[in-house]
Structures are given as C-alpha cells and as structure tokens.
Amino acid sequence: MVALLARIYIHVDEQALSQALVGLFALVYYGVFRLLEAKVHPSFGWLLGLARPPTYPQPDPTVTPWGKPPTRPTT
C-alpha cells in the first residue's frame, strides 16, 4: 500500500498507516461479530469477550458488623 501511494507521490508515514489499519481491523472485527451476535446467534458474542456485570456477595442481614448500637445514659 505504501509503495502504491509512493508511486503517485503521496508520502505516508508507515507507523501512522499501521496504526490506522489496526484500528480499522478492530472496528470491522467488532462490527462483524456484533452483527452475527444480533442476527445469527448470541454465542458469537463470546468472540468479543464475556461482558457481565460484577457480582458481589450479599452480607448476612442477621449479623451486625458493629455489635449493639450505643444506648443513651439514663439519669
């Protein structure tokens, strides 16, 4: 590609071209597999990674972490 552009006197930095092609490939890859996931089968989403919200353990409601709350002194 660089040789073709050089033939018509257009200077292209090879590193910039490489970065642009990587970005273009990532965009096409994401688009193709997102389309396959939506139109064909949801299992194609596996190729994009498993996006799940995090799950956290639920605290036991019968256990209070600070013990009894303080009581007011009586006079």
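Guide: A residue counts as buried when its relative accessible area is under 20%, as exposed when it is over 50%, and as partly exposed in between. Keep that in mind for this predicted model.

Visitor: What share of the 75 residues in the chain is buried?
Guide: Take the cut-off of under 20% relative accessible area. Apply it to the 75 residues of the chain, and the buried share comes to 4%.

Visitor: How many helices and how many strands are in the chain?
Guide: Look at the secondary structure. Strands number 0, and helices number 2.

Visitor: What part of the accessible surface belongs to carbon and sulfur atoms?
Guide: Start with the total. The accessible surface of the chain is about 7600 Å². Of this, the part from carbon and sulfur atoms is 67%.

Visitor: How much accessible area does the nonpolar patch with Leu21 and Val32 have?
Guide: The patch lies on the surface and joins Leu21, Leu24, Leu27, Val28 and Val32. Leu24 is found in helix α2, residues 14-39. Together the five named residues have an accessible area of about 450 Å².

Visitor: Is Leu24 buried, partly exposed or exposed?
Guide: Its relative accessible area is 47%. Partly exposed covers the range between 20% and 50%. Therefore Leu24 is partly exposed.

Visitor: How many aromatic pairs are there, with ring centres within 6.5 Å as the rule?
Guide: Rings of Phe, Tyr and Trp pair if their centres lie within 6.5 Å. By this rule, the count of aromatic pairs is 2.

Visitor: Is the pair of Phe25 and Tyr29 stacked, edge-to-face or tilted?
Guide: The ring centres of Phe25 and Tyr29 are 6.2 Å apart, and their planes meet at 35°. Stacked needs under 30 degrees, and edge-to-face needs over 60. So the pair of Phe25 and Tyr29 is tilted.

Visitor: How far apart along helix α2 are Phe25 and Tyr29, in turns?
Guide: Both sit in helix α2, and they are 4 residues apart. So their separation is about one helical turn.

Visitor: What is the distance between the ring centres of Tyr29 and Phe33?
Guide: Tyr29 and Phe33 both lie in helix α2, 4 residues apart. Their planes are at 55°, so the pair is tilted. Their ring centres are apart by 4.7 Å.

Visitor: Which cluster member is buried: Phe25, Tyr29 or Phe33?
Guide: Ring pairs link Phe25, Tyr29 and Phe33 into a cluster. Phe25 is exposed at 60%, and Tyr29 is partly exposed at 32%. A relative accessible area of 16% makes a residue buried here, and that value belongs to Phe33.

Conventions
Residues numbered from 1 in each chain as written. Predicted model: local features only at pLDDT ≥ 70, side-chain atom pairs only at ≥ 80, totals over all residues. Heavy atoms only, no water. Patch = residues over 30% accessible without salt bridge, like charges linked within 9 Å, V, L, I, M, F, W, Y side chains within 5 Å. Areas by Shrake-Rupley, 256 points an atom, 1.4 Å probe, with all protein chains shown as cover. Salt bridge = Lys/Arg side-chain N within 4 Å of Asp/Glu carboxyl O. Buried < 20%, exposed > 50% of the residue type's maximum accessible area, 1.4 Å probe, protein only. Phe/Tyr/Trp six-rings, centres within 6.5 Å; stacked < 30°, edge-to-face > 60°.
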